Amino acid sequence: MAKDYDINPLARIMEKLRDKDKGCEWDVAQDFKSIAPYTIEEAYEVADAIARNDRDDLADELGDLLLQVIFHSQMAAEEESFDLQNVIDNICKKMIRRHPHIFDKSGEFKNGKTEIRENWERIKENERREKATSSRTLDGIAIALPALKRAEKIQKRAARTGFDWPDAGGAQAKILEELQEVKNAQTDKQIFEEIGDLLFSVVNYSRHLGVSPEEAMQAATNKFTARFETMEDIADNQKQSFAELSLEKKEQLWLQAKMRSEN
């Protein structure tokens, strides 16, 4: 029977890998900045396993993501800024603090979905203010977030101050305005900036409609990918080179692929 491990042996493995005299040369050479891209990549691979509904792969990818936590914690321990126990203590305290409806026995906090969300946002906002070095509303939103997700978070934060369209109509009109500005742009720099403004406006409209722009974009990209691959399959079955087909023929294949996906 396989040995059951817990998190401590994993931490000891990383400690050994980072040993400056006897450790792995590659692991020893890493720092927070060099490891950060791997951390982000592993998080995406977790999300990918979930999207594919592959539980075996999910267990594997969660292990890879956990290793990133251990890696960062070990590097911090070496510089004596924090260690793995601090990480565990902090997240435990945070979960207890953000769930007063479960852990506060006073009965003051209700367990309804609306109240839970309101409590979570209020407590999170208080935490942000306590940690903030300034009073700026948008402080603390991670720059490394995917662009659509970051735009949505910034808009939500700004909306809390009252800086927002009163309804989706204003956000929709802004898209049309920005689209016209893209058409009127003359230089590459202007086009670049106006396209950014247009995308930002689409995110705002999505937010007003209660749609996650990140998830919507992922779904649209997946849909396009599936239909494009169907087009190639149809062409291949007809002994035709897809790349050499005329645009008219490709549009016909697109319609076929679209009909197949909708049936």
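Biologist: Why is glutamate 152 called buried?
Modeller: In this predicted model, glutamate 152 has a relative accessibility of 6%. Buried means under 20%, so glutamate 152 falls in that class.

Biologist: What makes glutamate 152 and lysine 156 a salt bridge?
Modeller: The closest N and O atoms of glutamate 152 and lysine 156 are 3.6 Å apart. The cut-off asks for a side-chain nitrogen of Lys or Arg within 4 Å of a carboxyl oxygen of Asp or Glu, so the pair of glutamate 152 and lysine 156 qualifies.

Biologist: Where do glutamate 152 and lysine 156 lie?
Modeller: Both belong to helix H8, where four residues, about one turn of the helix, set them apart.

Biologist: And why does lysine 156 count as partly exposed?
Modeller: Its relative accessibility is 41%. Partly exposed covers what lies between under 20% and over 50%, and lysine 156 therefore belongs there.

Biologist: Let's move to helix H9. How do you know that lysine 174 and glutamate 178 form a salt bridge?
Modeller: From N to O, the side chains of lysine 174 and glutamate 178 come to 3.4 Å. With the limit set at within 4 Å, lysine 174 and glutamate 178 therefore count as a salt bridge. These two residues of helix H9 (residues 168-184) also sit four residues apart, about one turn of the helix.

Biologist: Which of the classes, buried or exposed or partly exposed, fits glutamate 178?
Modeller: Glutamate 178 has a relative accessible area of 5%, and the mark for buried is under 20%, so glutamate 178 is buried. Its partner lysine 174 has 24% relative accessibility and counts as partly exposed.

Biologist: What makes lysine 189 an exposed residue?
Modeller: Lysine 189 has a relative accessible area of 58%. Exposed means over 50%, so the label follows for lysine 189. Glutamate 193, at 39% relative accessibility, counts as partly exposed.

Biologist: How do you know that lysine 189 and glutamate 193 meet in a salt bridge?
Modeller: Their side chains are 2.6 Å apart, N to O, and the definition accepts a nitrogen within 4 Å of the oxygen. Both residues lie in helix H10 (residues 188-208), with four residues, about one turn of the helix, between their positions.

Biologist: Which residues do salt bridges join into one network?
Modeller: Asp48, Arg52, Asp54 and Asp57 are linked by salt bridges that share partners. Of these, arginine 52 is in the loop between H3 and helix H4 (55-78). At 41% relative accessibility, arginine 52 is partly exposed. The whole structure holds 16 salt bridges.

Biologist: What makes Ile96, Ile102 and Phe103 a nonpolar patch?
Modeller: The definition takes residues with over 30% relative accessible area and no salt bridge, and joins nonpolar side chains within 5 Å. Isoleucine 96, in helix H5, has 45% relative accessibility, so isoleucine 96 passes the area cut-off. Together, Ile96, Ile102 and Phe103 have about 280 Å² of accessible area on the surface.

Biologist: Now the pockets. How do you know where empty space is left?
Modeller: A probe the size of a water molecule is rolled over the atoms, and this shows the empty space. The largest pocket found has a volume of about 680 Å³. Its lining has 22 residues, and Glu121, Lys124, Lys153, Arg157 and Arg160 are the closest to its centre. Helix H5 (84-97), helix H7 (113-131) and helix H8 (147-159) each give two or more residues to this lining, with the largest share, eight residues, coming from H7.

Biologist: Which classes of residue make up the lining of the largest pocket?
Modeller: There are 16 charged residues, five nonpolar and one polar. Asp, Glu, Lys and Arg count as charged, so Glu121, Lys124, Lys153, Arg157 and Arg160, the residues closest to the centre, belong to that class.

Biologist: And what lines the second largest pocket?
Modeller: This pocket, with about 420 Å³ of space, has 14 lining residues, and nearest its centre are Tyr44, Ala47, Glu214, Glu215 and Gln218. Helix H3 (32-51), H8 and helix H11 (213-237) each supply at least two residues, and H3 gives the most, five residues. By class, the lining has six nonpolar, three polar and five charged residues.

Notes:
Residues are numbered from 1 along each chain as its sequence is written. This is a predicted model: local features need pLDDT of at least 70, side-chain atom pairs count only at pLDDT 80 or more; totals for chains, interfaces and linings use all residues. Side-chain values use heavy atoms; hydrogens and water are left out. On a 1 Å grid over the protein atoms alone, a cavity is a set of points where a 1.4 Å probe fits but cannot get out, and a pocket is an open set with protein on both sides within 12 Å along at least five of seven lines; lining residues have an atom within 4 Å of a point. Grid points are joined across faces, edges and corners, and a volume is the space filled by probe spheres set on the points. Patches are made of residues with over 30% relative accessible area and no salt bridge: like charges are joined within 9 Å, nonpolar side chains (Val, Leu, Ile, Met, Phe, Trp, Tyr) within 5 Å. Accessible areas come from the Shrake-Rupley method with a 1.4 Å probe; for residues, only the protein chains shown count as cover. Buried means under 20% relative accessible area, exposed over 50%, partly exposed in between (1.4 Å probe, protein chains only).
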